Amino acid sequence: MIRCTLTLMLALVGGAVSSSLAIAQVADVEHVVVIGIDGLSPNGIAKAPKTPNFTRLIKQGASTMHARGVMPTSSSSNWASMIMGAGPEQHGVTSNDWTPENASIQPTARGSDKMFPTIFGLVREQRPSAKIAVFHDWDGFGRLFERQAVDVINNPKGPAEVTPVKTTEQAIAYLKQEKPLLTFIHLDHVDHVGHQKGHGTADYYSSVEEADRLIGLV
């Protein structure tokens, strides 16, 4: 039997880190799937009418609704902190304009690509033959990790309401065919709706329900 664990990373409105939900550690796990949802808040999970997959993950795994984001609360700084396991004072990602070439704060440690090591670089270093894939909605996520450490990087293009479905479908197809050790799926539509329609609106809660549906597909 193939064993798989799912970790869910959530980014609050504005990109702050909210929480990490994970199925309890299972012996002999062969595949790890991480799903990151930008703009998703504890309020969104609590008030969206239909979120059966969030409910199941919370019930079966470990969760918190009280974790805080790093400062500044930009998307890049917080996503970097989650995949690097360090704060901006260590990894140096201080804004959404950050690139390894124009960093105002130099990282305290360097892996490949002259940046602070991420989960992708560390897996590649420790498991050289592992299959690693990243599927991301937001363009900016693609500059936050060591690209040569990842076998497949897909960033579907199109309207904000279409790309999360494309991202999820492509990730599922790759999971089925290649059975990678580590897969990261980044969804951006909840954040997009929050900025466009307002957080706490009916449209926002609908986008949370759509995120729940996509998680269910994975």
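User: Which side chain meets D151 in a salt bridge?
Analyst: Happy to help! This is a predicted model, where local features need pLDDT of at least 70, side-chain atom pairs count only at pLDDT 80 or more, and totals for chains, interfaces and linings use all residues. Residues are numbered from 1 along each chain as its sequence is written, and side-chain values use heavy atoms, with hydrogens and water left out. A salt bridge here is a side-chain nitrogen of Lys or Arg within 4 Å of a carboxyl oxygen of Asp or Glu; at 2.9 Å, N to O, the partner of D151 is R124.

User: How many residues apart in sequence are the parts that D151 and R124 tie together?
Analyst: D151 sits in the loop between β5 (132-136) and β6 (152-154). R124 belongs to helix α5 (residues 119-126); helices (H or I, at least four residues) and strands (E, at least two) are DSSP runs, numbered from the N terminus. The pair therefore joins parts whose separation is 27 residues.

User: Is R124 buried or exposed?
Analyst: Buried means under 20% relative accessible area, exposed over 50%, and partly exposed in between (1.4 Å probe, protein chains only). R124 has a relative accessible area of 17%, so R124 is buried.

User: Which residue forms a salt bridge with K157?
Analyst: K157 is exposed, with a relative accessible area of 53%. The partner is partly exposed at 48%. The closest N and O atoms are 2.9 Å apart, and the partner is D139.

User: How many salt bridges does the count come to?
Analyst: One of them joins E210 and R213 (2.9 Å, N to O). By the rule above, the count comes to four.
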